[in-house]
Amino acid sequence: MKITRGSDVKMQRVRWVMEDWIPAGSLTLLAGREGLGKSTLAVQICAQISTGTLEGELYGTSRNVLYIHSEDSREFTVAPRLKAAGADMSRVLFVDVETAQTDSGTVILPLDLGSLEKVIVQHQVAFVVLDAATSSMSSELSGKDDRAVRSYLEPLAQLAARQGCVVFGLCHFGKRDGTDTGKLILGSIAWSQVARSVLSVARDDDSRNLIVTNTKANLAPRTRSMEATIASAEVETDDGPTEVGLLKWLGETTRDARELLSGVDEETEERDEITMVIRDYLIECGGSAPAADVLKVTRAAGLSDNAVKKARKKAGVRTGKDGFSKGWVWTLEQDRTLPLRLACEGAEDAHVHG
């Protein structure tokens with residue numbers, strides 16, 4: 001055991017490569033739905049770092065970036081996007097792995113971690129993009145297993161801290177809705193737990209703009225959201241002009257990506273439907289009925305007994321034993337049924353007097 005006294009710890013301030021979003025020397029994740037433009041956003045950040053125009057710790061100094069990709073073509077997509085974003089292409093590095101079978105193999109982590117660190121040191125890389133983060137993960141590791149994800153991400157986080165660079169991984173959200181973005185990332189919750197910062201991107205269906213929010217920001221003093229749009233840009237290639245996506249920042253916003261990711265709470269919606277079925281039947285029965293009869297009705301409606309019993313309280317139903325039998329009875333609370341009874345009585349009186 002190696003002991004370090006608190007008095008010997010050299011405390012440091014947090015340095016931000018991108019204010020309140022990307023801490024220097026950290027593992028940061030960018031997560032969002034498929035096809036929203038996460039790669040285009042990552043390319044924009046890379047371009048600004050390569051030219052020293054990104055506001056933050058690296059502003060005013062052009063730095064090298066390393067872009068590790070597997071989903072998009074380097075020649076047709078990644079390089080043209082970087083050029084469209086104004087990157088200094090001489091400071092953009094790509095890496096391939098030479099094996100006995102090919103000279104263009106992909107990086108596999110943590111297997112190639114030592115070689116990757118040598119590249120970072122040799123070329124003084126300030127920013128490393130993993131597009132996508134799961135693509136560089138060894139096939140022997142499962143993205144759904146906590147320990148496997150930690151054995152993949154923790155060495156990357158340690159590398160970033162040692163070299164003072166940023167490792168920027170792109171992750172996908174699943175189809176479910178919710179505000180807990182750590183749980184939305186496909187696979188284990190460890191993806192968001194290990195990362196120092198998680199940026200979440202979502203689309204506003206009304207404006208069609210993107211909202212990016214630091215949904216995990218342990219070191220940031222505030223929640224910061226930026227709005228952006230993706231436009232089409234023409235880039236000259238060796239084969240002629242081509243169209244690619246270009247991200248344009250529109251400035252800070254009070255919107256939060258989590259608002260757009262919350263969606264409809266399907267469980268609440270289902271519970272409301274069950275509540276209506278229970279209440280309608282009990283009202284037809286005068287406000288009370290044997291529990292067995294209520295469950296027969298809800299089963300006929302395709303509802304499970306467990307879900308019905310959970311929704312019972314919200315429906316304003318109390319349970320009790322029938323005084324003349326051993327069976328349970330479900331009864332609507334009086335304050336819930338009174339307005340209905342008055343309305344029904346009023347309607348009957350009107351009918352009689354009419």
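Which exposed residues does helix H9 carry on the face turned away from its buried side? I will come back to that helix in a moment, but let me say at the outset that what we are looking at is a predicted model, and that I would like to begin with the chain as a whole.

The secondary structure of this chain comes to 11 helices and 14 strands. Its C-alpha trace spans about 90 × 60 × 50 Å along the principal axes, and the radius of gyration is 29 Å, where a compact globule of 354 residues would have one near 20 Å. Of those 354 residues, 44% count as buried, and the accessible surface of the chain comes to about 19,700 Å², with 48% of it belonging to carbon and sulfur atoms. If we take the contacts with a separation of 6 or more, 63% of them are between residues 24 or more positions apart.

Now to the part of the chain that holds our helix. There is an open sheet of 3 strands here, in the order S12-S14-S13, and the pairing is antiparallel. Strand S12, residues 288-290, and strand S13, residues 317-321, stand at the edges with a single partner strand each, so one side of each of them is left without a neighbour in the sheet. From one strand to the next, the twist averages 25°. Between S13 and strand S14, which covers residues 328-332, the antiparallel pairing runs over 5 bridges, and if you want a place to look, Thr319 stands opposite Trp330 in S14.

Helix H9, residues 291-300, packs on this sheet, where it touches S12 and S14, and its direction makes about 90° with that of S12. Within H9, the residues Ala291, Val294, Leu295 and Thr298 are buried. Seen down the helix axis, the buried residues of H9 fall within an arc of 95°, so they line one face of the helix. That brings me to the opening question, and the answer is Lys296 and Ala300, the exposed residues carried on the face of H9 turned away from its buried side. After the helix comes Gly302, whose phi is positive, near 85°.

Glycine leads me to backbone angles elsewhere, and in particular to two residues that have a positive phi although neither is a glycine. For Asp20 the value is about 65°, and this residue lies in the loop between strand S1 (16-18) and strand S2 (22-23). For Arg208 the value is about 70°, and that residue is found in the loop between strand S8 (197-203) and strand S9 (210-217). Are these residues buried or exposed, or something in between? Asp20 is buried, because its relative accessible area of 5% is under the 20% limit, whereas Arg208, with a relative accessible area of 49%, is partly exposed.

Finally, let me point out two cis peptide bonds, which you can find by following the backbone. One runs from Leu109 to Pro110, with omega near 10°, and the place of Pro110 is in the loop between strand S5 (92-93) and helix H3 (113-122). Another runs from Asp131 to Ala132, with omega near 0°, and Ala132 is found in the loop between strand S6 (125-131) and helix H4 (146-163).

Conventions
Residues numbered from 1 in each chain as written. Predicted model: local features only at pLDDT ≥ 70, side-chain atom pairs only at ≥ 80, totals over all residues. Heavy atoms only, no water. Pairing = 2+ DSSP bridges. Helix = DSSP H or I, 4+ residues; strand = E, 2+ residues; numbered from the N terminus. Axes fitted to C-alpha atoms, helices over the stretch in contact; angles between N-to-C directions. Contact = heavy atoms within 4.5 Å. Rg over C-alpha atoms; globule rule 2.2 N^0.38 Å. Buried < 20%, exposed > 50% of the residue type's maximum accessible area, 1.4 Å probe, protein only. Areas by Shrake-Rupley, 256 points an atom, 1.4 Å probe, with all protein chains shown as cover. Arc of directions from axis to C-beta.
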